[in-house]
Amino acid sequence: MTPISADQVAEATTALDAVQVLRGGRLVYWLEGRPDGHDALVRWTPDDGARDVLPPEVSVASYVHEYGGGAYYATDTDVWFCNAADQRIYRTTNHGPVPATPSTAVRYADMRPSTGGLWAVREHREDDRVINDLAWIPTSTGATRTVASGWDFYSFPRPSPDGRWLAWTCWNNPNMPWDGTTLYLAEILDNSGTLAEPVPIAGGPDESVFQPEWSPDNVLHFISDHSGWWNLYRWTGDHTEPVLQRDAELGVAQWEFGYSTYAFLDDAIAVLVQYGGTQTIELLRGGKTTTLDLPYTSIKPYLSGSGTTIAAIASSPQQAPRVVLIDAATGHHRPLTRTPATNPQPASLPEPFTFPTRDGGTAHGVYHHPRSVEGRPPLIVKAHPGPTANTPLRLDWHTRYFTSRGYAVAEIDYRGSTGYGRAYRQALHGRWGVLDAHDCADAAVHLAATGRTDPDRTVIWGASAGGYTALRALAITDTFTAAIAHCPVIDPATWRDAAPKFQAHHADALIGPWPDTATIYQQRSLLHHPGHITRPVLILHGQDDPITPPDQSRALADVLGSRARLLTFPGEGHVLRSPNSIKQALAVEEDFLTNPPT
């Protein structure tokens, strides 16, 4: 069978995010990230199909926390959105976008309308400090004012349907939102956004609360990992009680704003249920649950509901992500977006596997079989980014490109990954750059020992934090013959200083508090011990990356000398988006695997 071409991979780069359904399924919005870097707001109706809402020069994106998310919110009559160019909030009208906030150097995200205005997360600078707070934006004047401040970060401002209450979450460094957040509730005193004294009702530094949301009858629901798993709860007015409990994850790591893993329907709650990399949708109705019979194994955390209709972005190993409408009464599902013209089938379905680790633990991965290979195939081990993320069980064009060329690919949910409960997620604390690297190496050893791969032709690949894992695995194990790293973290100490505020203290949990553990940071640095890397390295980095500075990659390539190849991409950020960059990266990766430097 003909291998997948780089053109096919580049043509499949449209990203779908932030779906929202209204009017019982007769009005749907979503964001499409186009190959040219444009983030288009799309509206679908049964009569008109899918059409762009805004002029082609208007791109919708928030840059709060740099990762953004929560860049628009639609009602039956209006759409509020963040303009990528100036970060102001605009409202759509028949005459085009109208600004709703002043022209100042302020970023917004996660907005929700209420009587007389909008609630939103706001980010601005005061001297050299980045300030995050909650803001009230009157629709009449746009003169924003702070309604909650003092915490390092805020998210999920959610007014109740009757307009009486506002709920939100917040957290302080060094916690990330999947480590510990606090859920607050405050009475809304008037239509000018004045709040009574807020009261904490759930969460704390050792409990992650996610997605507070109000039911249509004004009952506050939220997800908490108090039990060791992200499960669904509600606030009765004086205590918390469970709504749906599983030894599974009903929430996700909050890397972006606007995530939603449950949605209210007329007579049920639709809930995204995840264990490992596989996800399903369950309906909770009258205290009983049923699982929808759907051909999808991966669903993005943007579940939306209206009437009896669920909107989702769903995919599987055979199917690229698509926007779908699901009838909760019948289970019938209807795609609203087109898939690429070529939708390659795998040689066989990806195989989730569990393997023993060198310290007596257990870790997880997904094995992708190669096409048309005699004997044991070469192996590419992939370390996912994050490191608090996981491997979704869906079509990955980069993986399929290499399996169609005879490579086996193993994507590893090393300890620290999401999808397996809080204890597994926090197992990486203090051991980043060691435990994750060892788990990836142990996965490769396991696959070779079971006869599925060639131990002498095993490469590790990673992006962002996964790039750090890949390079550390090359430095501290002898399992891999080479490493490929996209936009990697190189030196955690200097990355800690250069990272955006959201991640500036991430390494405090993953390695240790700074500067008390400065010696450990130096031990884990790839720059301080380049001699430990004796195998070839390929580094690819966007020149405009705001998350991991490309100067670190240049520094490592300089000290590694002939052992390293470095390719930088002008105009690209933390993820390559343009078709030309994607095709160039694939060509360089394939050449590196075939002809590594010596």
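A salt bridge is counted here where a side-chain nitrogen of Lys or Arg lies within 4 Å of a carboxyl oxygen of Asp or Glu. The model is predicted, so local features need pLDDT of at least 70 and side-chain atom pairs count only at pLDDT 80 or more, while totals for chains, interfaces and linings use all residues. Residues are numbered from 1 along each chain as its sequence is written, and side-chain values use heavy atoms, with hydrogens and water left out.

**Exercise 1. State how many salt bridges the structure holds, and work out which parts of the chain the pair Arg34 and Asp52 ties together.**

Step 1: The structure holds 29 salt bridges.

Step 2: One of them joins the side chains of Arg34 and Asp52, at 2.9 Å from N to O.

Step 3: Because Arg34 lies in the loop between β2 (27-33) and β3 (39-45), whereas Asp52 belongs to strand β4 (residues 49-52), the pair ties together parts that are 18 residues apart in sequence; strands here are DSSP runs of E with at least two residues, and helices are runs of H or I with at least four, numbered from the N terminus.

Step 4: Asp52 counts as partly exposed, at 39% relative accessibility, where buried means under 20% relative accessible area, exposed over 50%, and partly exposed in between (1.4 Å probe, protein chains only).

**Exercise 2. Locate the partners in the salt bridge between Arg158 and Glu213, and decide whether Arg158 is buried or exposed.**

Step 1: The side chains of Arg158 and Glu213 meet at 3.7 Å, N to O.

Step 2: Arg158 sits in strand β13 (residues 153-159) and Glu213 in strand β17 (residues 209-214), so that this pair links distant parts of the chain, 55 residues apart.

Step 3: With 3% relative accessibility, Arg158 counts as buried.

Step 4: Elsewhere, salt bridges that share partners join Asp225, Glu249, Arg422 and Arg425 into one network.

**Exercise 3. Describe the largest nonpolar core and the contacts of Leu232.**

Step 1: A nonpolar core is a set of buried Ala, Val, Leu, Ile, Met, Phe, Trp, Tyr and Cys residues joined through side-chain atoms within 4.5 Å.

Step 2: The largest such core has 53 residues, and those with the most contacts inside it are Tyr29, Trp30, Leu41, Tyr72 and Leu232.

Step 3: Beyond its neighbours within four places in sequence, Leu232 is in contact (heavy atoms within 4.5 Å) with residues including Phe222, Ile223, Val243, Tyr262 and Val271.

Step 4: A second, separate core of 51 residues includes Ile412, Ala437, Ala444 and Leu526.
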